Amino acid sequence: MQYEGVLRKMFTEIGEPIQYYMEFKNDFLNVNQVLNKSVEFTFLHYECLNCHLDKPIFRQGFCQSCFFETPSAGDWIMRPELSTAHLGKEDRNLAYEKKVQLQPHIVYLANSSNVKVGVTRKSQVPTRWIDQGAHEAIEIVEVPNRYLAGITEVALKSHVADKTNWRKMLTNQIDEEDLIGWRRKLKPFIPEEALDYFIETQNETHLQFPVLQYPEKVKSLNLKKVGEYKGVLKGIKGQYFIFEDNTVFNIRGNEGLYVSLGIS
Ligand SMILES: [Zn+2]
């Protein structure tokens, strides 16, 4: 089977295990069906996710000019505490920012290699946790806008990590953590403005990834540099393909690469 198209973050569906999908021009691929098969990626050219031109990808799937211009790559995406739509203040496009920022957001704890705090739109639960390769996660607060979620995350960052060790996540060197206990411990550090939105009762969510065999150590595939790669797919975790020879490929980290994908 041969597919061709621009790499984008995989779609997921919760299940036991989680189901992964890739969307190509005329095809939809359930990646779980590809486990144990031989996969060949070839880098053909770039395709910016915004302007669709063949320009080198700068960050987040965008070419450099789109990254600095498109409303969907504003600083408040990565740093939610910089959100200003709740004040009616524009960053790049107020209508867009109102639509995205002024909706329920969740501050959560997720454990993918260690416990970390993060922010997501409520509509992105549990997608966000799946994308991070978290095997367990819990909500801490549900607030009405992105700004409140951002300042809560900033306050909690002094007491819990905000980064994942992706190598540990992919080699599955993980510990079970008592996330309900963590939530209780962190409550005193939630800012006053967000305290009314604290979630007291919700339980942990556990996620099961489709991985047949975890690598002992990982080497990251730089497709842009090597041009092509072929290997047997042994698992999918977070947004990574895991191959039999310990190679891992971050699909999300390579958004905007136009590739062909052969499966045999
Ligand atoms: Zn562009």
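**Salt bridges, a zinc site and backbone geometry in a predicted model**

Arg79 is partly exposed, with a relative accessibility of 46%. This residue belongs to a predicted model, and its side chain meets that of Glu81 in a salt bridge, with 3.2 Å between N and O. Glu81 has a relative accessibility of 17% and therefore counts as buried, since the limit for a buried residue is under 20%. The bridge thus joins a partly exposed arginine to a buried glutamate. In general terms, side chains of opposite charge can pair when their charged atoms come close.

The protein chain as a whole contains 9 helices and 16 strands. Its radius of gyration is 19 Å, close to the 18 Å that the globule rule gives for 264 residues, so the chain is as compact as a globular protein of that length. Along the principal axes, the C-alpha atoms fill a box of roughly 55 × 40 × 25 Å. Of the 264 residues, 50% are buried. Among contacts with a separation of 6 or more, 67% are made by residues 24 or more positions apart. The accessible surface of the protein chain is about 12,900 Å², and carbon and sulfur atoms account for 47% of that surface.

The metal site comes next. Which residues coordinate the zinc ion? The donors are the SG atoms of Cys48, Cys51, Cys63 and Cys66, at 2.3 to 2.4 Å. Along the chain, these donors follow the spacing C-x2-C-x11-C-x2-C. Cys51 lies in the loop between strand S5 (38-46) and strand S6 (57-59), whereas Cys63 lies in strand S7 (residues 62-63), so this pair ties together parts that are 12 residues apart in sequence. Why is the arrangement around the zinc ion tetrahedral? The 4 donor atoms subtend angles of 102 to 117 degrees, which makes it so; the criterion for four donors is that all angles lie between 85 and 135 degrees. For reference, the ideal angle for four tetrahedral donors is 109.5 degrees. Two of the cysteines can also be described by their accessibility. Cys51 is partly exposed, with a relative accessible area of 26%, while Cys63 is buried, with a relative accessible area of 1%.

Returning to charged pairs, the count of salt bridges comes to 6. One of them joins Lys122 and Glu142, whose closest N and O atoms are 3.1 Å apart. This pair links distant parts of the chain: Lys122 sits in the loop between strand S9 (115-121) and helix H4 (127-131), Glu142 in strand S10 (residues 136-143), and the two are 20 residues apart. Lys122 is partly exposed, at a relative accessible area of 38%, and Glu142 likewise counts as partly exposed, at 29%.

A further group centres on Asp162, which is found in the loop between helix H5 (146-157) and helix H6 (166-171). Its side chain meets that of Lys163 in a salt bridge of 3.6 Å, N to O. Lys157, Asp162 and Lys163 are linked in a network of salt bridges. Within this network, Asp162 counts as partly exposed, at 23% relative accessibility, whereas Lys163 counts as exposed, at 59%. Leaving aside neighbours within four places in sequence, Asp162 is in contact with Lys116, Val117 and Lys157. Asp162 and Val115 are 47 residues apart in sequence, and their C-alpha atoms are 8.1 Å apart in space.

The backbone itself offers several details. Most residues other than glycine have a negative phi, and most peptide bonds are trans. Where does the model contain a cis peptide bond with omega near 5 degrees? One runs from Glu16 to Pro17, and another from Val125 to Pro126. Pro17 is placed in the loop between strand S2 (11-13) and strand S3 (19-23); Pro126 lies in the loop between S9 and H4, the loop that also holds Lys122.

Positive phi values occur at Asn36 and Gln60, neither of which is a glycine. For Asn36, phi is near 75 degrees. Asn36 is found in the loop between strand S4 (28-30) and S5 and is partly exposed, with a relative accessible area of 46%. For Gln60, phi is about 55 degrees. Gln60 lies in the loop between S6 and S7, and S7 is the strand that contains the zinc ligand Cys63. Gln60 is partly exposed, with a relative accessible area of 31%, whereas Cys63 is buried.

Definitions and conventions
Residues are numbered from 1 along each chain as its sequence is written. This is a predicted model: local features need pLDDT of at least 70, side-chain atom pairs count only at pLDDT 80 or more; totals for chains, interfaces and linings use all residues. Side-chain values use heavy atoms; hydrogens and water are left out. Donors are N, O and S atoms within 2.8 Å of the metal (3.2 Å for Na, K and Ca); water is not among the atoms, so sites may look incomplete. Four donors count as tetrahedral if all angles lie between 85 and 135 degrees; four count as square planar and six as octahedral if opposite donors are over 155 degrees apart and all others between 65 and 115; anything else is irregular. Helices (H or I, at least four residues) and strands (E, at least two) are DSSP runs, numbered from the N terminus. Buried means under 20% relative accessible area, exposed over 50%, partly exposed in between (1.4 Å probe, protein chains only). The radius of gyration is taken over C-alpha atoms; the globule rule is 2.2 Å times the number of residues to the power 0.38. Contact means heavy atoms within 4.5 Å. Accessible areas come from the Shrake-Rupley method with a 1.4 Å probe; for residues, only the protein chains shown count as cover. A salt bridge is a side-chain nitrogen of Lys or Arg within 4 Å of a carboxyl oxygen of Asp or Glu.
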